[in-house]
Amino acid sequence: MFKGILIDKNDAGYSARLSELNEDQLPEGDVLVRVEYSTLNYKDGLAITGKMPVVRQFPMVPGIDFAGVVESSEHPDFKPGDHVLLNGWGVGEVHWGGLAEKARLKGDWLIPLPEGLTSRQAMAIGTAGYTAMLCVMTLARHGVTPEDGDILVTGANGGVGSFAVSLLAKLGYRVVASTGRPQEAEYLKALGASEIIDRSELSEPGKPLQKERWAGAIDSVGSHTLANVCAGTRYGGTVAACGLAQGMDLPATVAPFILRGVTLAGVDSVMCPKPQRMEAWHRLVPLLDVQALDAIANEISLDQAIDTAKDLLQGKVRGRVIVKVAG
Ligand code: NDP
């Protein structure tokens with residue numbers, strides 16, 4: 001038997017409970033992993049609370065990220081004792097995820113734990129850090145360079161936002177951080193932000209074309225914020241859009257795209273092809289102060305994960321939550 005969080009939906013309603021599970025209940029797969037650490041992302045918060053229909057099969061173990069050690073493997077790339085990392089692929093949504101002491105899944109979804117990282121540090125980065133790196137790579141792929149001007153990061157105090165600020169600053173970009181928590185300005189400046197703006201500047205309906213302020217942007221907020229970000233992006237700039245913290249809608253016009261040649265580039269971490277995800281992990285490790293990760297990570301135990309998920313959705317959590325799953 002081993003412990004895991006189990007989400008269920010039935011006549012009694014939607015529930016998430018810490019449960020005793022056994023290996024026979026695990027889904028099919030060619031690799032069995034002892035999960036050492038997982039993490040709580042925004043999406044895990046949605047899954048655990050049922051606030052949005054993230055979970056598409058029941059019962060489900062949530063947890064879109066984990067790091068652990070292979071216990072048994074029929075996959076040619078992995079053998080018992082290998083340290084591995086998982087992000088996305090629908091794990092924690094349609095396939096049992098990382099918030100349990102064991103996980104069985106397709107070896108094709110796993111990547112080796114990047115050199116220089118512990119399982120704990122990899123989870124302090126998690127999908128948030130890896131997605132931020134995918135966004136940074138997207139801006140670079142569209143030709144946005146530090147010489148072009150300011151880069152806006154929205155949702156800057158969130159997981160993706162914090163890593164985006166830090167990675168961009170390390171690469172020499174001048175970063176403007178938009179946040180609803182201006183009291184955290186010192187934290188954002190320590191991460192590398194040059195300027196902080198209040199997110200209320202961007203969150204209300206705005207004009208289709210606004211003053212050209214941003215050479216590029218990383219947006220994890222969506223809705224009016226993303227519409228305003230596009231409207232305020234400079235000629236030829238690129239906006240990497242990855243999130244929906246304000247809303248899934250996009251009440252925008254085509255004006256920035258057809259009159260200023262702005263590119264709106266979508267970023268998805270879940271089904272991102274393996275070579276690109278390997279590149280993102282490979283590139284982000286040297287850019288981060290790995291020791292500092294230990295400081296930004298709030299460690300909780302598996303039995304605290306359900307309550308913490310609620311706090312996360314209410315914006316009460318700063319930095320990253322990592323979940324110690326098995327020793
Ligand atoms: P967090 O909860 O850590 O951060 C979200 C941040 O968004 C908050 O900290 C807050 O930043 C801001 N925010 C929250 N509510 C609002 C609101 N109503 N209006 C404007 N801003 C708001 O989440 P993550 O960083 O983990 O994820 C951010 C988003 O990106 C989520 O929507 C998530 O689903 C998505 N995501 C997408 C991925 C992909 O593959 N495309 C991968 C990972 C995440 P502040 O306090 O600074 O204002």
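Trainee: Why is Thr225 called buried?
Mentor: This is a predicted model, and in it Thr225 has a relative accessible area of 5%. Buried means under 20%, so Thr225 qualifies at 5%.

Trainee: Where is Thr225, and which residues does Thr225 touch?
Mentor: Thr225 belongs to helix H6. Leaving aside residues up to four places away in sequence, Thr225 touches Thr154, Leu202, Ser203, Asp219 and Gln246.

Trainee: Which strands does helix H6 lie across?
Mentor: Helix H6, residues 223-231, lies across strand S8 (151-153), strand S11 (214-219), strand S12 (233-241) and S13.

Trainee: What makes the direction of H6 relative to S12 parallel or antiparallel?
Mentor: H6 runs at about 150° to S12. Angles over 145 degrees count as roughly antiparallel, so H6 and S12, at about 150°, are roughly antiparallel.

Trainee: In what order do the strands of the open sheet stand, and what is the sense of their pairing?
Mentor: The sheet has 6 strands in the order S10-S9-S8-S11-S12-S13, and the pairing is parallel.

Trainee: Which strands stand at the edges, and what makes them edge strands?
Mentor: Strand S10 (195-198) and strand S13 (263-266) each have a single partner strand, so one side of each is left without a neighbour in the sheet. As for the twist, neighbouring strands of this sheet are turned by 20° against each other on average, with direction ignored.

Trainee: How do you know that S9 and S10 pair?
Mentor: Two strands pair if at least two bridges are found between them. Strand S9 (residues 175-179) is joined to S10 by 4 bridges, and the two run parallel. The count of 4 therefore meets the requirement of at least two. Thr179 stands opposite Asp198 in S10.

Trainee: What makes S1 and S2 a pair, and in which sense do they run?
Mentor: The requirement is again at least two bridges. Strand S1 (residues 2-10) and S2 have 9 bridges in the antiparallel sense, and the connection between S1 and S2 is a hairpin of 2 residues. Lys3 has Glu20 in S2 as its bridge partner.

Trainee: Why is the contact between Lys102 and Glu23 called a salt bridge?
Mentor: The side chains of Lys102 and Glu23 come to 2.9 Å, N to O. The limit is 4 Å, from a side-chain nitrogen of Lys or Arg to a carboxyl oxygen of Asp or Glu, so 2.9 Å satisfies it.

Trainee: Which parts of the chain does this salt bridge tie together?
Mentor: Lys102 lies in strand S6 (residues 102-105), and Glu23 in the loop between strand S2 (13-21) and strand S3 (31-40), so the pair ties together parts that are 79 residues apart in sequence.

Trainee: Are Lys102 and Asp82 buried or exposed?
Mentor: Lys102 has 18% relative accessibility and Asp82 has 17%. The cut-off for buried is under 20%, so Lys102 counts as buried, and Asp82 does too.

Trainee: What class does Lys79, the salt-bridge partner of Asp82, fall in?
Mentor: The closest N and O atoms of Asp82 and Lys79 are 3.0 Å apart. Exposed means over 50%, and Lys79, with a relative accessible area of 52%, is exposed.

Trainee: How do you know that Asp307 and Lys310 form a salt bridge?
Mentor: Their closest N and O atoms are 3.8 Å apart, which is within the 4 Å limit. Asp307 and Lys310 are 3 residues apart in helix H10 (residues 305-313), which means about one helical turn separates them. Elsewhere, salt bridges that share partners join Glu23, Glu71 and Lys102 into one network.

Trainee: Why are H2 and H8 called roughly perpendicular?
Mentor: The axes of helix H2 (residues 119-141) and helix H8 (residues 274-287) come within 9 Å and cross at roughly 105°. The range for roughly perpendicular is 65 to 115 degrees, therefore H2 and H8 fall in that class.

Trainee: How do the residues of the contact of H2 with H8 divide?
Mentor: They divide into 10 nonpolar, 3 polar and 4 charged. Among them are Met133 and Leu134 in H2 and Trp281 and Leu284 in H8.

Trainee: What makes Ser269 buried?
Mentor: Ser269 has 9% relative accessibility, under the 20% cut-off. Ser269 sits in the loop between S13 and H8 and touches residues including Tyr130, Leu134 and Arg277.

Definitions and conventions
Residues numbered from 1 in each chain as written. Predicted model: local features only at pLDDT ≥ 70, side-chain atom pairs only at ≥ 80, totals over all residues. Heavy atoms only, no water. Buried < 20%, exposed > 50% of the residue type's maximum accessible area, 1.4 Å probe, protein only. Axes fitted to C-alpha atoms, helices over the stretch in contact; angles between N-to-C directions. Parallel < 35°, antiparallel > 145°, perpendicular 65-115°, else oblique. Contact = heavy atoms within 4.5 Å. Nonpolar A, V, L, I, M, F, W, Y, C, P; charged D, E, K, R; others polar.
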